[in-house]
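Student: I've never looked at this structure before, and I'd rather know one part well than skim everything. Could you walk me slowly through a single sheet, then show me what else is around?

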Amino acid sequence: MVRLTDFRLSIAARLALLFGVVAVVAFSLIALVLNRVLEIELERHQYEQIESRTQDMRYMLLHARPPDIAQRAKDKIDALTPSDGRARYWMWSDDPNYCYGSELPRVLNETSNRSVPPGEQGPQGQQGQQSQQGMIDLDFQGQHLRVIRSALVATPARAAVTLVVGVDTHPFARTAHSFRVALLLITGLGTLVVVALGYWVARLGLAPLVRLSQDAREIGPYNRAQRLQLPSLPLELAQLGASFNAALDRLEEAYRQLSTFNDDVAHELRTPLGNLIGQTQVALTRERDAAQLQELLQSNLEELERLRLIVADMLFLARADQGERASRLVTVSIAHEVAKTAEFLELLLDDAGLTVQVQGDQQASIETSLFRRALTNLLQNAIQYARCGSIITVHISSRETLAHIAISNEGVAIAPDHLQRIFDRFYRVDSSRTQYPQHSGHGLGLAIVKAVASMHQGSVFATSEHGVTTVGFTVALQQQQRQQ
Amino acid sequence: MKVLIVEDEIKTAEYLRQGLSEQGYSVDLALDGIDGQHLALHHDYDVIVLDAMLPGLDGFALLRSLRETKNTPVLMLTARDGTQDRVKGLQEGADDYLVKPFSFNELVARMEAITRRGRIQETTLLRVADLQVDLISRRVARAGQRIDLTAKEFALLALLARRQGQILSKTVIAELVWDMNFDSNTNVVEVAIKRLRAKIDLPFDSSLLHTIRGMGYVMEERGAPH
């Protein structure tokens with residue numbers, strides 16, 4: 001079974017075919033014009049031939065002096081008539097002396113007095129028809145002739161005479177025919193040449209594309225840093241290449257994040273797992289009393305609970321990654337949510353001697369549990385890094401369709417290169433993972449903030465200057481209905 | 001209370017059976033959907049713990065067929081924390097759901113919540129040993145001594161006293177006292193418990209508020225001095 005895709009043409013073939021179509025059209029137009037020019041020229045040539053022959057005879061008939069004008073005219077006609085029959089003369093008159101040549105086709109007589117409109121074809125056969133310039137087409141004794149009839153009025157020396165001069169059109173027709181054959185050949189061969197050249201040119205023009213595809217083929221998971229060579233590319237492709245490279249950059253970043261994420265997950269899971277296995281093994285090497293075993297189980301339970309939280313948070317992040325949006329939306333005051341969250345964290349704030357100040361307010365439609373989760377993480381982060389006794393400011397504003405929630409704390413500044421990565425999973429500014437920070441979570445807090453923001457069609461931001469670190473997120477004021 | 005557990009993971013099923021039996025439930029166990037359906041339809045249970053993914057007949061199908069004839073409270077266990085599963089389960093008539101991995105005492109708390117639902121007899125005065133919590137006047141006294149609590153401390157104490165004898169996890173406490181229904185990594189609850197304990201336990205001879213390591217907190221009279 002042949003699939004449709006098997007009929008796909010390469011761009012070069014496509015271009016060559018299009019060139020071919022263009023060539024056929026162009027050559028045909030030129031051929032038509034040339035053909036027409038030739039026809040006109042041949043007709044003019046015929047006319048001139050007949051006309052010059054007629055002039056000879058007319059001159060003789062008009063200026064000849066008696067006697068024997070008739071005989072001399074006939075002799076002259078004999079002399080002028082070529083032996084190959086390319087031209088013929090007729091003469092007739094009421095005076096039988098002046099009649100020359102076999103009797104003129106009656107037809108000519110009949111039609112000559114009527115004017116046939118140019119271009120109108122009469123019935124075929126021994127039918128005369130008048131063409132432009134007063135020429136009449138005539139089939140005579142198997143010859144196709146073109147004739148001109150001229151009447152000479154009577155003079156005292158001779159009777160009225162009608163002179164008919166004709167030329168054989170056959171040589172002209174042959175010329176026209178050869179010319180047409182030549183045109184057809186030129187059109188055909190020319191088109192073929194154009195197609196072939198077009199294909200070659202297209203291949204030449206598309207060579208950078210082939211190089212591009214070779215470049216692209218070399219990029220794989222083991223040389224992710226490789227990029228397409230842009231300087232060698234023509235302008236149009238350079239843009240494509242740049243976009244492609246940018247896409248690769250993003251992918252590499254995602255890949256890098258994912259692979260460090262995997263490392264981090266392994267690390268985060270390995271520590272509690274190691275503790276679990278170790279503690280349990282130690283406990284089982286000796287007889288233990290119930291209290292010791294209970295102690296072990298409780299310790300194990302704590303580690304397991306930590307594992308469960310990591311898994312739950314990672315599942316949450318995975319859902320956000322898969323594009324899950326906030327549901328169960330309610331329109332609430334953000335300041336109210338902040339106040340509620342601050343109330344939740346009140347004891348921690350008290351312990352650190354911190355106060356929370358809320359500035360501004362916005363109404364937004366949010367899923368409150370997600371929103372509070374993000375706020376809790378951000379405030380907890382601020383509490384952790386705030387200078388003791390300072391004020392944590394929560395600034396709520398709106399820009400276009402987004403509500404901005406910015407949480408600022410005074411404290412040690414975060415370096416810019418850390419700042420852009422604080423929302424990465426398991427990223428820790430101090431990067432010391434030797435011990436569990438007692439209450440600062442497992443390094444997913446800000447990643448969860450980012451996930452919550454994206455579930456509300458928002459994003460995250462962070463700045464740190466003049467001793468004030470601001471970390472925040474945005475949510476859409478009105479959540480758009482999800483397009484199914 | 002009779003409970004039916006429909007769960008194909010044998011280890012899970014076994015610890016649920018043991019745990020719930022020890023909590024005073026009489027437990028029936030079905031290891032696949034077909035058995036589960038049979039038991040659920042032909043016996044009267046106070047609550048059914050139903051896994052969503054089951055061999056033979058999945059949890060959702062079992063729930064549908066159950067709801068045609070019976071109104072037994074059902075707690076669904078789902079492996080995936082997808083909104084779809086949640087919505088589907090609740091639409092089919094589940095009373096609540098838990099996402100695996102879940103903690104055992106959260107399961108117990110939720111089971112009690114759905115079996116109690118609708119027939120909570122609120123008393124206005126709670127007593128735990130010599131501790132009295134008046135829910136109307138919001139007064140707390142122990143051994144006749146008045147204790148001043150903040151609003152949140154009172155809410156926390158009221159919750160623990162109302163559910164005395166039941167272990168409450170930090171997540172459950174955060175949800176019911178502060179309306180924060182997510183697993184938070186904060187130690188807010190620990191700090192709050194510490195402060196509450198300083199007011200209601202430390203000045204007195206015996207402790208009423210106990211920490212169960214790795215599980216949560218429970219309020220009960222244990223007799224032994226601290």
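Student: In which order do the strands of the open sheet in chain B come, and is their pairing parallel or antiparallel?

Tutor: Sure! Keep in mind as we go that you're looking at a predicted model. The sheet you're asking about is an open one in chain B with 4 strands, and the order is β6-β7-β8-β9, with antiparallel pairing. At the edges you'll find β6 (125–128) and β9 (145–147) of chain B, each of which pairs on one side only. Going from one strand to the next, the twist averages 25°.

Now zoom in on β7 and β8 of chain B. The first of these covers residues 131–134 and the other residues 139–142, and 4 bridges hold the antiparallel pair together. To find your way, pick out Val133(B): its bridge partner in β8(B) is Val140(B). As background, strands of a sheet pair through backbone hydrogen bonds, in either the parallel or the antiparallel sense. And in a regular strand, side chains alternate between the two faces of the sheet.

For another look at strand pairing, hop over to chain A, which has 11 helices and 12 strands. A good place to land is β5(A), a mostly covered strand with 6 of its 8 residues buried. β5(A) runs antiparallel to β1(A), and 7 bridges join the two. β5(A) also runs antiparallel to β4(A), this time with 8 bridges. Val164(A) is a handy landmark here: within β5(A), Val164(A) is the bridge partner of Trp90(A), and also of Arg149(A).

That brings us to helix α1 of chain A, residues 11–63. Its 53 residues reach 77 Å from the first C-alpha to the last, close to the 78 Å expected at 1.5 Å a residue. Its buried residues include Ala16(A), Gln46(A), Arg53(A) and Leu61(A). The buried residues of α1(A) pack against several elements of chain A, among them our strands β1 (87–93), β4 (143–152) and β5 (161–168). The helices α2 (69–80) and α4 (170–217) of chain A are packed against as well.

How about one residue in another helix? Thr271(A) belongs to α5 of chain A, which covers residues 235–284. Thr271(A) counts as partly exposed because 18 other C-beta atoms lie within 10 Å, while being buried takes 20 or more and being exposed takes 12 or fewer. Leu307(A) is 36 residues away along the chain, yet its C-alpha is separated from that of Thr271(A) by 9.7 Å.

Next, where the chains meet: 27 residues of chain A are in contact with 21 residues of chain B. On the chain A side, α6(A) gives the most, with 10 residues. By class, this side of chain A has 9 nonpolar, 8 polar and 10 charged residues.

Last, a word on confidence. Chain A averages a pLDDT of 82, and 88% of its residues score at least 70. Among the elements of chain A, the highest mean is 93, for β7 (residues 355–359), and the lowest is 47, for β2 (residues 129–130). The pLDDT is also below 50 over residues 112–130 of chain A, a stretch that has 24 contacts in the model beyond near neighbours in sequence. Over residues 432–440 of chain A the pLDDT is below 50 too, and there the model has 4 such contacts.

Note on methods: Residues numbered from 1 in each chain as written. Chains lettered and ligands numbered in written order. Predicted model: local features only at pLDDT ≥ 70, side-chain atom pairs only at ≥ 80, totals over all residues. Expected span 1.5 Å × (residues − 1). Contact = placed C-beta atoms within 7 Å. Nonpolar A, V, L, I, M, F, W, Y, C, P; charged D, E, K, R; others polar. Pairing = 2+ DSSP bridges. Axes fitted to C-alpha atoms, helices over the stretch in contact; angles between N-to-C directions. pLDDT = per-residue confidence, 0-100.
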